[in-house]
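Trainee: I am new to this structure and would like a close look at one part, followed outwards into its surroundings. Could you take me through a sheet, the helix that lies across it and the contacts around them, explaining your terms as you go?

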Amino acid sequence: MITSFTAARQRVLALLGALSMYRLVLFALVALAVIAFLLSLAGVIVSPTPLEMLASFVVLAVVISGVDAAAQRIIRLPWRIESSLVTALILLFVLRPGLELTTLLGLAVAGALASLSKYLIAWRGRHILNPAAFGAAVVSIVGSFGAFEWLGTSASWWVGTPSLALPVALLGLAVLWRTEKVRVVLLFLVVALVTSLVRQIVQAQQFDVAFDFATALQFALLQSPFLFLGAFMLSEPLTLPPRRWQQFSVAVLVGLLAGWPISVAGLFTLGQERALLIGNLLAFAFALRGSVRLVLERRAFITPTAQELTFRAKGKLAFLPGQYLELDVPHHRPDARGTRREFSIVSAPADLPTLRIAYKNGDQKHPSSYKRALAEAEPGAVLAVTGTWGDFILPRGDTPVLMLAAGIGVTPFVSQLRQLQATGERRDVVLVYVAAEAAELAFRDELAATGVRTIVFTKDEPADLPAHWTWAHGARLDAEGLERAVGDLAARHAFISGPPRLIADLAPALQKAHSLTTDAFAGY
């Protein structure tokens, strides 16, 4: 059921949607670094010192940016400064900073390894391991051997200090809301905390010392890296599997290993960053997904303000009806939202290798740099899909379904209904379609061909409606209107695709549905 918390969450998502995921993570980490720097200046954080932080970050940023720029020049991709700085900031909080030459050298090696892992430990153009975790793990493990003592740093996770717990939690929550990974990271935290408490109980019994639950909990929550590891590393979409249950499985595995580090042959332990790397391998085993190239075949206006792009997929592309893809459109001087955007897939899996997406033109006077670049793409242009994600898929069984779409938010429903039509599967489905005016009803012919009962909310009456379509006579869709239009709402699994504000406005009615799945978007 949707709650007032969910409604508030949708409004927050609308605000956070103005930034790309990479920019949001970068800004959050910069804010955390500034807070840590000020706390160090004030003497609240004793180690590292402000100068150690500054020198260490400069070394990490220069090395990682240099390696990234060189690698991306070789493979002919634009250099993304956000990615380089995010990796540098994460390593700053994970590794032990310092001013000694050996320490700075170790940081430089860790940064170089982290950057190189993006390109060398990859599958079809997509990195497998969290770069920062890989760099930190290698330097920590190798540096423990005598021949490599000159690597004067190792994973210390100094970010796990009580004075930074609240900033990490608040900034991390903003990131998790934007990436919709709150539940995944909460599960990780619960597993890690419980495992850590059990470990402390066992150790207390082994050494015959008293166990203080409050102290143990405080240590596990405020003096461990769990918050930072979950919010800024485990949540990285590029190293998570596409389905929610798979992400939960990874969260449990990483939580167990991080909460109870296992010793390997007495040489090192599988804790923290090494736990995350093992979780990355499980995610890779789940998905084995990679970058797929799409060749643009044609573009067409499907409404006065929306376009559809038709591609031919080069390589194996697998998705479920209702899922979305991330499309990379490299261009010079990208704005705050970067060069990647998420699009629901219009076509059905049965349509492959043809793949379609659609988007609204939006602000024509001040379009985003991404939308300008996408508009300039000509037939024959090759773009990259970095993966397909999402759990916005129809439930198994015969539960009646309500599909509620606002404007171009109808795209995942087109995919689902086309697939049902292609496979001959029959479902009890009602589609509620909201648009500013009748001319903005996209994919009318395709939707009509599926035979699904459709209720249209537009100001003006659409012409030549199919027999199974109903116009709501210009009524504005609100919670009461939805209940009137769909009398058996309580028996239906509601799927809603549209702006977060619409989801929030319909909350009083949607909380009466049998169950709810949302697919909010904030524009491109």
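Mentor: Let us begin with strand β12 (residues 429-434) and strand β13 (residues 453-457), which run parallel and are joined by five bridges. Strands here are DSSP runs of E with at least two residues, helices are runs of H or I with at least four, and both are numbered from the N terminus. Two strands count as paired if DSSP finds at least two bridges between them. Within this pair, Val430 stands opposite Arg453 of β13.

Before going further, please keep in mind that this is a predicted model, in which local features need pLDDT of at least 70 and side-chain atom pairs count only at pLDDT 80 or more, while totals for chains, interfaces and linings use all residues. Residues are numbered from 1 along each chain as its sequence is written, and side-chain values use heavy atoms, with hydrogens and water left out.

The two strands belong to an open sheet of six, in the order β14-β13-β12-β11-β15-β16, with parallel pairing. At the edges stand β14 (469-471) and β16 (515-518), each with a single partner strand, so one side of each has no neighbour in the sheet. From one strand to the next, the twist averages 15°, where axes are lines fitted to C-alpha atoms (for helices, over the stretch in contact) and angles run from 0 to 180 degrees between N-to-C directions. In general, strands of a sheet pair through backbone hydrogen bonds, either parallel or antiparallel.

At the β16 edge, four bridges join this strand to β15, the two running parallel, and Ile496 has Thr518 of β16 as its bridge partner. The covered face of β16 carries Ser515 and Thr517, whereas Leu516 and Thr518 are on the uncovered one.

Helix α14 (residues 411-423) lies across β11 (401-406), β12 and β15 (493-497), and runs at about 140° to β11. Thr411 has its place in this helix and, at 4% relative accessibility, counts as buried; buried means under 20% relative accessible area, exposed means over 50%, and partly exposed is in between (1.4 Å probe, protein chains only). Leaving aside residues up to four places away in sequence, Thr411 touches Ser344, Ile345, Val346, Ala358 and Phe443, a contact being heavy atoms within 4.5 Å.

Helix α14 also holds Arg418, which is partly exposed at 23% relative accessibility. Its salt bridge with Glu446 has the closest N and O atoms 3.0 Å apart, the term meaning a side-chain nitrogen of Lys or Arg within 4 Å of a carboxyl oxygen of Asp or Glu. This pair links distant parts of the chain, since Glu446 is in helix α15 and Arg418 in helix α14, 28 residues apart. Glu446 forms a salt bridge with Arg356 as well, and there the closest N and O atoms are 2.9 Å apart. Because Arg356 lies in strand β9 (residues 354-360) and Glu446 in helix α15 (residues 444-450), that pair ties together parts 90 residues apart in sequence. Arg356 is buried, with a relative accessible area of 10%. A network of salt bridges links Glu308, Asp351, Arg356, Arg418 and Glu446.

Strand β9 leads to another open sheet of six strands, whose order is β8-β7-β10-β5-β6-β9 and whose pairing is antiparallel. Its edge strands are β8 (340-344) and β9, each of which pairs on one side only. Five bridges join strand β7 (residues 324-328) to β8, which run antiparallel, and Asp328 stands opposite Arg340 of β8.

Elsewhere, Arg243 and Asp391 meet through their side chains in a salt bridge (3.0 Å, N to O). They are 148 residues apart, with Arg243 in the loop between α10 (226-234) and α11 (244-259), and Asp391 in the loop between β10 (382-389) and β11. Asp391 is partly exposed, its relative accessible area being 25%.

To set this part in the whole, the chain has 18 helices and 16 strands, and 54% of its 524 residues count as buried.
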